[in-house]
Amino acid sequence: RSLTIPFKGRRRVAGAVRFELERYLAFPIEELIVDFFPVLEVEGQTEVLALGVRREVLCEQLEILSAAGVEAEGANVDAVGLTGLWRDSRRDLKGLHAVLHAREVGSILAVVNGKSPVYFRHLAFTADELHSEPEAAAQQVQNSVRAFHAGWKAEGRVASLTVTGEGFTEEAQERFARGFDVPVTYEDMLTMLGGANQVLDNLEREQVRAGAEYRRPCNGWEAAIGTADCAGGGAISLNFRKDDLA
């Protein structure tokens, strides 16, 4: 959620984010672990993008890792990991740009302003549905971009849209892109990483040898790689392993 904090200064803003977020919740703020990105400062106020993870979900996953002998140093969300990986491949990007991460369960729309994420929105359609009903998917993205523009308090408009994932047909790409008046490009982020194709080939051979049908999850490995990239000093990063879970 985008929030307006009525003053400036990161330390003061950090202390106010939970208080400002609580008014929008239908449950106690104590149920969430919260982190945020500063977006911009306008007339003595600070716009931030706040993200929350339910504490019970995070604790459950940490317990699973602990039982396997793995100690997690941090915790992040797929939206940040995917967007960070995409953003790190475009180090000279300036202004507002959107990226749609098509996934097997739902999709994620993000808008960045230069290096900073300023908007996240989870959308209901899956990668398969984008393939089969591209016009309907485009309509959801258009509505979300309009909602972003309505709340954006600085100059500029989204100048481009990138769709990440794999296996998009040319027909689906063309039908999806018709709904936009900005350039739309498509990108399989995993194949842009050194060594990725060799790893994928090895995984496929192992699955076939075991008698299983191999299908790479759409933006599945990318989310994990992107989250690790963020934790290692990438363009953007959050950490939800904090407070009493630090």
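Modeller: Two strands pair if DSSP finds at least two bridges between them. The structure discussed here is a predicted model.

Colleague: What makes strand 7 and strand 8 a pair?

Modeller: Strand 7 and strand 8 share four bridges, in the parallel sense, and the cut-off is at least two. The two strands therefore count as paired. One of the bridges can be named: L161 has V184 in strand 8 as its partner.

Colleague: How do you know that strand 4 and strand 7 pair?

Modeller: The reasoning is alike. Four bridges join strand 4 (residues 96-102) to strand 7 (residues 161-164), in the parallel sense; since at least two are required, these strands pair by definition. V99 has T162 in strand 7 as its bridge partner.

Colleague: Why are strand 6 and strand 8 called edge strands?

Modeller: The open sheet has five strands in the order 6-5-4-7-8, with mixed pairing. Strand 6 (116-123) and strand 8 (184-187) each pair on one side only. From one strand to the next, the twist averages 20 degrees.

Colleague: Which strands does helix 5 touch, and which does helix 6 touch?

Modeller: Helix 5 (residues 134-151) packs on the sheet and touches strand 4, strand 5 (107-113), strand 6 and strand 7. Its direction makes about 140 degrees with that of strand 6. Helix 6 (residues 170-177) also packs on the sheet, touching strand 4, strand 7 and strand 8, and its direction makes about 145 degrees with that of strand 8. Helix 6 also joins strand 7 and strand 8 in a right-handed β-α-β unit.

Colleague: Which residues have the most contacts inside the largest nonpolar core?

Modeller: That core has 56 residues, and those with the most contacts inside it are L100, L109, L130, V141, L161 and F176. Beyond its neighbours within four places in sequence, L100 is in contact with residues including L109, L130, V141, L161 and F176. Another core, of twelve residues, lies apart, with I5, I29, F36 and A50 among them.

Colleague: Why does E43 count as exposed?

Modeller: The relative accessibility of E43 is 79%, and exposed means over 50%; E43 is therefore exposed. E43 is found in the loop between strand 2 (32-42) and strand 3 (45-54). Its phi is positive, about 50 degrees, although E43 is not a glycine.

Colleague: What makes N219 a buried residue?

Modeller: Buried means under 20%, and N219 has 0% relative accessibility, so N219 is buried. N219 is found in the loop between helix 7 (196-209) and helix 8 (220-231). N219 is not a glycine, yet has a positive phi of about 60 degrees. Most residues other than glycine have a negative phi.

How values were computed:
Residues are numbered from 1 along each chain as its sequence is written. This is a predicted model: local features need pLDDT of at least 70, side-chain atom pairs count only at pLDDT 80 or more; totals for chains, interfaces and linings use all residues. Side-chain values use heavy atoms; hydrogens and water are left out. A nonpolar core is a set of buried Ala, Val, Leu, Ile, Met, Phe, Trp, Tyr and Cys residues joined through side-chain atoms within 4.5 Å. Buried means under 20% relative accessible area, exposed over 50%, partly exposed in between (1.4 Å probe, protein chains only). Contact means heavy atoms within 4.5 Å. Axes are lines fitted to C-alpha atoms, for helices over the stretch in contact, and angles run from 0 to 180 degrees between N-to-C directions. A crossover is right-handed if, with the strands pointing away from the viewer, the path from the first strand over the helix to the second runs clockwise.
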